[in-house]
Amino acid sequence: MFFWTSCLMSQSAVIEGIIIPNNNSDIEKLSSISLYYNSKTPKLQTVLIETDLSFKFEYIETDTISLSIPGNREDYIFPSFYLSENDTIRLKLPYSYYCEYDISKNDKTCPICKKKNKVIPVEFGLFINDPKKAYNMGCLITDCEPNWYCKRDKITF
Ligand SMILES: [Zn+2]
């Protein structure tokens, strides 16, 4: 009995967080947030987001974890992080329901010079193609990333 109790206590990391929406119109779409364990047996914990946009996960096991919110196109996944025993983590999570880069998906016109002739696609990953043909941004972090790079103005959009 004592052993069982101490096991339970070693899994008591807590995350307290608050969502910071980019647009006030996104608030009504925030209802729940989910927690995934990255290396343990796939398991999902979901809690409700309160009306003040706060949330709390309790009894979290030690692991690298990810948090996600159901989004417009797919789940909005925040960068994952490691949680150790008895950690209490307080998070402020900036959130946008719509991706600002959606509008440029099918339009490679640069918002600065209004031209297309120096614009190349943005790519993600470790394998780098010819830098003249694509602009490498490293590993993909979120599902909302720029689509294009203007070589004239050195901006992504
Ligand atoms: Zn440009």
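Which strand does strand 2 (residues 32-37) pair with, and over how many bridges? Keep that in mind while you colour the model, for the answer comes at the third stop.

**Before you select anything**

This is a predicted model, in which local features need a pLDDT of at least 70 and side-chain atom pairs count only at pLDDT 80 or more, while totals for chains, interfaces and linings use all residues. Residues are numbered from 1 along each chain as its sequence is written.

**First stop: the whole protein**

Colour by pLDDT, which is the predictor's confidence in each residue, from 0 to 100; the protein averages 84, and 87% of the residues score at least 70. Switch to a cartoon view and you should find 1 helix and 12 strands, where helices (H or I, at least four residues) and strands (E, at least two) are DSSP runs numbered from the N terminus. The helix comes before the strands when you follow the elements from the N terminus on.

**Second stop: the N terminus**

Select helix 1 (residues 2-9), which has the lowest mean pLDDT among the elements, 45, whereas strand 11 has the highest, 96. Over residues 1-9 the pLDDT is below 50, and beyond near neighbours in sequence this stretch has 0 contacts in the model; a contact means that the C-beta atoms of two residues, placed from the backbone, lie within 7 Å. Where pLDDT is low, the predicted coordinates should not be read in detail.

**Third stop: the hairpin**

Now select strand 2 together with strand 3 (residues 44-48), and you have the answer: these two pair in the antiparallel sense over 5 bridges. Two strands are said to pair if DSSP finds at least two bridges between them. They form a hairpin with 6 residues between them, and Y36 has L44 in strand 3 as its bridge partner.

**Fourth stop: the sheet of 3 strands**

Moving on, select strands 4, 1 and 8, which form an open sheet in that order with mixed pairing. Strand 4 (54-60) and strand 8 (88-95) are the edge strands, each pairing on one side only. Strand 1 (residues 13-21) runs antiparallel to strand 4, joined to it by 5 bridges, and one place to zoom in is A13, whose bridge partner in strand 4 is I60.

**Last stop: the sheet of 4 strands**

Finally, select the open sheet of 4 strands in the order 10-9-11-12, again with mixed pairing, where strand 10 (135-136) and strand 12 (155-156) are the edge strands. Strand 9 (residues 119-123) pairs with strand 11 (residues 148-150) in the antiparallel sense over 3 bridges, and P121 has W148 as its bridge partner there.
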